[in-house]
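Visitor: I have a structure open here and would like to walk through it with you. Could you guide me, one question at a time?

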Amino acid sequence: MIEKGRISGVQMAILMYPAIMATAILLVPAISGKFARHDMWMSPIWASLAGFMAVYIACQLNKRFPGETVIQYSGEIIGRIPGKLIGFIILFFYLQTNGVIIREYSEFVVGNFLPTTPQMIVNASIVLVCGMAVQGGIEVMARSAQIFVPVVVILFLFIIVLLIPTLEPRNIFPIMENGIMPSVMGSIVPGGWFAEFFLLAFLLPLLGKGEKPMKWGMITVLLVMLTLTVVNFISLALFGNLTSTFTYPFMNAVRYISIAEFLQHLESIVMAIWVAGTFVKVSVFYYAIVLGTAQWLGLSDYRPIVFPIGFLLVIMNIWSAENLQELTHFISTSWTIYSFFVQLLVPVLLLIVACIWKKRAKGDAGK
């Protein structure tokens, strides 16, 4: 076992919550609003089905191959060479996706807070800090998340409470004016985010004995779904059909907060949520890439490749898109299909083949 550290089910949930939610709270409302309009608040509910499915598949595969990640057991299921190919596809997907996440982070920070700072400095700094966390191992990451995530949740709830007086609930009507399909269409892209719960395939082997991975995985999906539903509802109740015209609707919503002309200009709180959440998110993806690459190459330790892969992440985020508009278009189109294929379709096929082989083995044993 390359990683000697162990985490609890609660720590796994704390790592996975920002790993999905961090970037989604700013980007999902505009994307859902484009398709779902008045019904955009329902879209995360349908999208969460992908998350529940990803958790179930990851847990079922882990039950059949305890102590192994998807990079290891894919070879046992379909053979060494096809398994290596599947492992490479999964690792490249997470490498590219993490590059996109870092680019989202830098676009937001530079565009809203540090306009004169070179984007490369922002990119390199988050990769360096996350690389140091990954170098420390899964236990260091889990303890860091235990510090940051409660702060993120408290700040988020604080903003929600302050936004309540500015909301116009009538903006959500008429509900389901055109049936259920608009809200379903608005859930497709967020479903790509929820499919990222398959990252559990890299964390489940690290759980301590007696933990309940299925329970904590499902709870985390539910919490992310509730968070995004609230964010979409607030964006819709404040902006109505104009939600899709903003790049970061939730950020624009926070600018409406003004309590007695004293408590206002709270964009820095959104910045804090974004930075802390993205730190955990990038670290989890980074860790999965590094651990999986070490297993794919047959290394005895993943630490020597942490910073070389960090360099690849910096390069990948530059290559991901020329600008924010192109990046948003990629996320809304090609990446979503890519995400469902790698994180749902491939794992489902692996699970089906594993079940078939198990039945055949039992049949042969019976003879």
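Visitor: Which helix gives the largest share of the lining of the largest cavity?

Guide: Happy to help, and please keep in mind that this is a predicted model. The largest cavity has a volume of about 60 Å³. Its lining includes T97, V100, I101 and E104, along with W193 and W335. The largest share of that lining, four residues, comes from α4.

Visitor: How many charged residues are in the lining of the largest cavity?

Guide: Among the lining residues are E104, E196 and K281, and Glu and Lys count as charged. By class, five residues of the lining are nonpolar and two are polar. The number of charged residues is three.

Visitor: Which helix gives the most to the lining of the second largest cavity?

Guide: About 40 Å³ of space lies in the second largest cavity. L15, A133, M141, S144, A145, F279, V280, S283 and V284 form its lining. Two or more of these residues come from each of α6 (138-163) and α12. With four residues, the helix that gives the most is α12.

Visitor: And how many charged residues does the lining of the second largest cavity have?

Guide: The classes here are seven nonpolar and two polar residues. For charged residues, the count is none: there are no charged residues in this lining.

Visitor: What is the volume of the largest pocket?

Guide: Let's begin with its walls: α1 (9-36) and α14 (324-332) each supply at least two lining residues. The lining has six nonpolar, seven polar and one charged residues. The space in the largest pocket is about 310 Å³.

Visitor: Which lining residues are the closest to the centre of that pocket?

Guide: The largest pocket is lined by 14 residues. Of these, the closest to the centre are A30, I31, K34, T328 and S332.

Visitor: How far apart are the end C-alpha atoms of α5?

Guide: You can work out what to expect, because a helix spans 1.5 Å a residue. For the 18 residues of α5, that should give 26 Å. The model agrees, with the end C-alpha atoms of α5 apart by 26 Å.

Visitor: Within what arc do the buried residues of α5 fall?

Guide: In α5, the buried residues are V122, N123, I126, V127, C130, G131, A133 and V134. Seen down the helix axis they line one face, because they fall within an arc of 160 degrees.

Visitor: Which exposed residues are on the face of α5 turned away from its buried side?

Guide: The buried residues of α5 pack against α4, α6, α12 and α13. The face turned away from that buried side carries the exposed residues I121 and M132.

Visitor: Why do the buried residues of α13 line one face of the helix?

Guide: The buried residues of α13 are V306, I309, G310, L313, V314, M316 and N317. Seen down the axis of α13, they line one face because they fall within an arc of 165 degrees.

Visitor: What covers the buried residues of α13?

Guide: On the face turned away from the buried side, α13 carries the exposed residues F311 and W319. The cover over its buried residues includes α4 (80-112), α5 (119-136) and α12 (267-297).

Visitor: Last one: is S339 buried or exposed?

Guide: S339 lies in helix α15 (residues 334-366). Leaving aside neighbours within four places in sequence, S339 is in contact with F93, G192, A195 and L344. Buried means under 20% relative accessible area. S339 has a relative accessible area of 0%, so S339 is buried.

Technical notes: Residues numbered from 1 in each chain as written. Predicted model: local features only at pLDDT ≥ 70, side-chain atom pairs only at ≥ 80, totals over all residues. Heavy atoms only, no water. Buried < 20%, exposed > 50% of the residue type's maximum accessible area, 1.4 Å probe, protein only. Arc of directions from axis to C-beta. Contact = heavy atoms within 4.5 Å. 1 Å grid on protein atoms, 1.4 Å probe; cavity = no way out; pocket = protein on both sides within 12 Å on 5 of 7 lines; lining within 4 Å. Points joined across faces, edges and corners; volume = space filled by probe spheres on them. Expected span 1.5 Å × (residues − 1).
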